[in-house]
Amino acid sequence: MQPIISVVDLVKTYATGFQALKHIDLEIRRGEIFALLGPNGAGKTTLISIICGIANLSEGRVTVDGHDINKDYRAARSMIG
């Protein structure tokens, strides 16, 4: 079964050089329940912002139901709601 959300080797580096996300891999299958837990500054909000199309990734690939969030933005965004 294809994952509903797939994050592969995701990196987010800000202009200051601060690396908020370092090579994140994540797969969430349809119907799964998951939680992101971690201390303040761990990158939870940054990760969700990238998946939702609010922030841009620096490296890696994110797909939502098989739609790349950069190449097929409208289809990916419509799946997130």
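## A sheet, a helix and the residues between them

S6 is found in strand 1, and in this predicted model the residue is buried, with a relative accessible area of 10%. Leaving aside residues up to four places away in sequence, S6 touches L26, E27, R61, V62 and T63.

**The sheet**

The sheet is open and is formed by 4 strands in the order 2-1-3-4, with antiparallel pairing. Its edge strands are strand 2 and strand 4 (67–68), each of which pairs on one side only. Helix 1 packs on this sheet and touches strand 1, strand 2 and strand 3 (59–64), while the direction of the helix makes about 120° with that of strand 1. In general, strands of a sheet pair through backbone hydrogen bonds, and the pairing may be parallel or antiparallel.

The table sets out the pairs of strands, with the number of bridges for each.

| Strands | Sense | Bridges |
|---|---|---|
| Strand 1 (residues 5–13) and strand 2 | antiparallel | 6 bridges |
| Strand 1 and strand 3 | antiparallel | 5 bridges |
| Strand 3 and strand 4 | antiparallel | 2 bridges |

Individual residues show how these pairs are matched. I5 stands opposite I28 in strand 2, V7 has V62 as its bridge partner in strand 3, and V64 stands opposite H67 in strand 4. Strand 3 and strand 4 also form a hairpin with 2 residues between them, and D65 in the turn has a positive phi of about 50°.

**A buried residue of strand 1**

V11 also lies in strand 1. Is V11 buried or exposed? V11 counts as buried because its relative accessibility is 1%, and buried means under 20%. Its contacts, not counting residues up to four places away in sequence, are with Q19, L21, H23, L57, S58 and E59. Although V11 and I24 are 13 residues apart along the chain, their C-alpha atoms are separated by 6.8 Å.

**Helix 1 and what covers it**

Which residues of helix 1 are buried? They are T46, L47, S49, I50 and I51, and what covers them includes strand 1, strand 2, strand 3 and helix 2 (73–80). Helix 1 is followed by G53, a residue whose phi is positive, near 85°.

**The loop before helix 1**

Where along the chain is R29 placed? R29 belongs to the loop between strand 2 (19–28) and helix 1 (44–52). With a relative accessible area of 29%, R29 is partly exposed, because this value is neither under 20% nor over 50%. R29 touches M1, Q2, P3 and I4, again not counting residues up to four places away in sequence. The C-alpha atoms of R29 and N56, which are 27 residues apart along the chain, are separated by 23 Å.

L36 likewise has its place in the loop between strand 2 and helix 1, and L36 is partly exposed, with a relative accessible area of 32%. Together with F34 and I48, L36 makes a nonpolar surface patch of about 230 Å².

Methods. Residues numbered from 1 in each chain as written. Predicted model: local features only at pLDDT ≥ 70, side-chain atom pairs only at ≥ 80, totals over all residues. Heavy atoms only, no water. Buried < 20%, exposed > 50% of the residue type's maximum accessible area, 1.4 Å probe, protein only. Contact = heavy atoms within 4.5 Å. Pairing = 2+ DSSP bridges. Axes fitted to C-alpha atoms, helices over the stretch in contact; angles between N-to-C directions. Patch = residues over 30% accessible without salt bridge, like charges linked within 9 Å, V, L, I, M, F, W, Y side chains within 5 Å. Areas by Shrake-Rupley, 256 points an atom, 1.4 Å probe, with all protein chains shown as cover. Salt bridge = Lys/Arg side-chain N within 4 Å of Asp/Glu carboxyl O.
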